[in-house]
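These are my notebook entries on a structure I looked through. I wrote down what I looked up, in the order in which I looked.

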Protein chains: 2
Amino acid sequence: MKPKLTLKKIAKELEVSISTVSKALRDSPEIGEETREKIKAFAKHYNYKPNNIALSLKNRKTKTIGIIIPEIVHHFFTTVISGVEKVANEMGYNVFVCLSDNSFDKEVLNMEMLANGSTDGFILSLAKETMQKGDYHHLKEAINQGMPLVLFDRVVDDIACDKVIIDDVTGGKKAVQYLIDCGCKNIALISTVDYVSVGKLRTHGYKQALVENNIEINEDLILKIEEMENSEAEIEEFLKNKKVDGVFAVNEHFAISAIKTIQEQGKKVPEDVSVIGFTDGELSKRFIPSLTTVSQHGMKMGEESARLLIEKLERTPSEDDYYKTIIVETELVTRNSTKSKK
Amino acid sequence: MKPKLTLKKIAKELEVSISTVSKALRDSPEIGEETREKIKAFAKHYNYKPNNIALSLKNRKTKTIGIIIPEIVHHFFTTVISGVEKVANEMGYNVFVCLSDNSFDKEVLNMEMLANGSTDGFILSLAKETMQKGDYHHLKEAINQGMPLVLFDRVVDDIACDKVIIDDVTGGKKAVQYLIDCGCKNIALISTVDYVSVGKLRTHGYKQALVENNIEINEDLILKIEEMENSEAEIEEFLKNKKVDGVFAVNEHFAISAIKTIQEQGKKVPEDVSVIGFTDGELSKRFIPSLTTVSQHGMKMGEESARLLIEKLERTPSEDDYYKTIIVETELVTRNSTKSKK
DNA sequence: TACTGCGACGAAAACGTTTTCGTGTTGAAA
DNA sequence: TTTCAACACGAAAACGTTTTCGTCGCAGTA
């Protein structure tokens with residue numbers, strides 16, 4: 001095991017100065033051709049690679065971006081990471097992935113770790129607990145220190161920064177409109193509690209669609225789930241004795257739980273009840289019946305987030321300082337959990 | 001926007017030297033109580049946090065570990081990352097996640113990025129292309145430079161390093177034995193091509209189980225799939241006109257494709273054909289019928305890998321230099337895609 | 001011969017830390 | 001009064017780079 005090669009060692013070995021080595025490797029015309037070739041040959045032969053940490057310290061930039069997500073065991077976030085990685089790598093950046101586990105404290109901790117020089121900026125989707133608390137001081141602090149920040153998916157208005165979101169309202173509306181077009185009259189909504197922005201917005205879309213079609217909003221047909229844990233039981237309880245012919249669920253899991261419950265009640269999907277989910281994951285594709293869903297294009301969200309961040313990083317700070325919000329369009333993917341449109 | 005606070009700035013502001021500040025903040029007894037308190041109060045008030053990069057350079061360690069995985073949109077890998085993150089964070093480490101996209105070149109590139117000082121060591125699962133090529137020079141080089149390396153899941157014997165694997169052979173054997181116990185006579189295997197180690201090993205387990213039960217191995221009942229892309233069609237073709245009553249698939253997707261095909265042929269799962277998969281993902285749990293699978297405990301693999309790596313990092317290099325291989329046990333999770341045992 | 005200019009290279013600062021080794025001041029012991 | 005330890009602090013090196021600014025020798029010019 002030989003320790004890493006450094007400029008200093010090369011310099012000593014070749015009996016030149018450190019600066020000469022550095023310049024030679026960067027093809028500076030200051031260095032005579034002969035010496036330059038000799039140094040480059042040596043470096044190549046012994047596989048010299050400059051030390052990233054030293055470069056980071058010198059340049060005061062790390063060429064690294066951080067992404068903090070609430071949970072990784074979740075297809076949507078996974079596709080987002082994938083998108084971020086893709087464009088980051090294309091632009092010569094590395095990606096630090098951190099998990100907040102939906103915990104406020106872990107989110108703050110992660111931000112502190114990443115903010116102390118490890119990254120040039122970050123991409124974040126808020127932890128559930130953070131949204132619930134409504135405490136965003138850590139974000140503000142980071143921005144204040146000149147750390148560019150891009151929020152995606154679970155965002156919040158209070159923070160002035162770049163954002164990448166989907167049109168949750170329109171997405172929800174599209175889904176419900178589709179159900180209505182299929183002839184559904186009694187459409188239930190299975191959503192999350194309101195402090196999760198996406199739940200709130202999709203609920204909004206649901207209501208909008210109903211209103212636009214002159215259907216009365218029946219709060220009894222709306223279920224708001226707090227905990228993922230026993231969502232299945234809650235959904236079962238909720239759908240018991242309700243005569244619904246359409247269900248819009250704000251994620252895959254709720255949708256599938258709904259289908260199971262419905263089937264257990266002896267009804268058929270989609271013949272008796274049509275079901276639409278949100279987020280286009282593996283489950284939606286391969287479940288039987290396969291799920292009609294509102295696709296979120298996580299990969300695209302990741303790509304856009306990374307692009308936005310890197311763009312900000314590589315611009316002189318004050319050149320043109322305003323914040324963008326990019327809205328990634330949703331798409332209704334129709335499969336077999338809904339009747340065909342009339 | 002105020003730039004980051006540094007020791008130097010504190011020193012200037014308080015009219016003391018940099019060393020005094022540093023020592024005061026680290027509670028050195030060298031510094032008088034009064035000055036110490038003053039400095040600490042100032043630092044706290046202005047929220048001073050030492051610069052990680054500078055620390056890394058000084059200490060020649062980054063407190064960061066890298067993990068390179070073939071693909072992230074894959075439940076198993078996702079749970080592994082989760083496990084790595086967990087113990088890494090507990091031990092005060094950060095995690096760099098990189099994706100090789102199953103490409104040899106990207107794997108090499110990623111390693112180079114991470115090896116140049118950015119991380120203290122890494123955890124890796126080989127890209128498919130790498131295993132196919134059998135070119136491991138980048139791994140050897142890293143090890144040679146003193147970079148601890150832990151290989152997991154997709155490992156290779158040629159490399160001397162710590163490893164975390166599951167007992168693929170035993171796992172496969174367990175699954176097939178279970179099928180036999182359920183009364184299956186004609187058991188098909190849907191696997192991957194042999195250069196993917198896990199495919200090879202699980203195939204091995206399949207054969208062992210048959211041999212031990214005096215069942216003849218019929219190569220016609222073995223399918224090896226190269227590309228994920230059109231695996232569904234291949235499986236359909238493969239199962240056509242075969243009278244099998246049991247299927248062992250080396251992953252969820254193959255298992256589900258098999259079930260679909262079987263159902264389309266008018267047969268029932270599990271009444272006519274029992275199916276067992278590998279990897280315990282969301283799909284297995286929620287598919288109908290829910291899948292009996294061999295669970296890999298990805299989270300545990302991640303935890304073990306991280307522990308192994310960090311242990312090596314925090315030990316003096318030559319103290320006790322041998323390599324461990326940890327075998328994480330598989331577990332057969334029985335659900336509804338298999339008949340009950342006789 | 002003396003000056004200028006240039007080619008080829010080195011010294012040193014800087015990035016932000018930690019740490020070793022001074023060094024100046026004080027108070028007390030001799 | 002002198003000497004010495006203890007105390008409180010500062011200077012400087014080091015980590016590995018890049019970059020600015022010398023500096024040295026030599027050839028060409030006046």
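I began with DNA strand C and the 28 residues around it; Thr20(A), Lys23(A), Glu30(A), Gly32(A) and Lys58(B) come nearest. A residue is near a strand if one of its heavy atoms lies within 4 Å of it. The model is predicted, so local features need pLDDT of at least 70 and side-chain atom pairs count only at pLDDT 80 or more, while totals for chains, interfaces and linings use all residues. Residues are numbered from 1 along each chain as its sequence is written, chains are lettered from A and ligands numbered from 1 in the order in which they are written, and side-chain values use heavy atoms, with hydrogens and water left out.

I looked up polar contacts next (pairs of N or O atoms within 3.5 Å; within protein, one must be able to donate a hydrogen and the other to accept it, and residues adjacent in sequence count only if both atoms are side-chain atoms). A side-chain N or O atom of Lys23(A) is 2.5 Å from a base oxygen of strand C. For Glu30(A), a side-chain N or O atom is 2.3 Å from a base nitrogen of strand C. Gly32(A) has a backbone N or O atom 2.6 Å from a phosphate oxygen of strand C.

I then asked which helix gives the most to the surface near strand C. H2(B) does, with four residues. Helices (H or I, at least four residues) and strands (E, at least two) are DSSP runs, numbered from the N terminus.

I sorted the residues near strand C by class and noted nine nonpolar, nine polar and ten charged. Ala, Val, Leu, Ile, Met, Phe, Trp, Tyr, Cys and Pro count as nonpolar, Asp, Glu, Lys and Arg as charged, and the others, Gly among them, as polar.

I turned to DNA strand D. Of its 28 surrounding residues, Thr20(B), Lys23(B), Glu30(B), Gly32(B) and Thr35(B) come nearest. Of the strand D atoms within 4 Å of the protein, 59% belong to sugar or phosphate and the rest to bases. A polar backbone atom of Leu7(A) is 2.8 Å from a phosphate oxygen of strand D. Arg26(A) has a polar side-chain atom 3.2 Å from a phosphate oxygen of strand D. For Asn51(A), a polar backbone atom is 3.2 Å from a phosphate oxygen of strand D. H2(A) gives the largest share of the surface near strand D, four residues.
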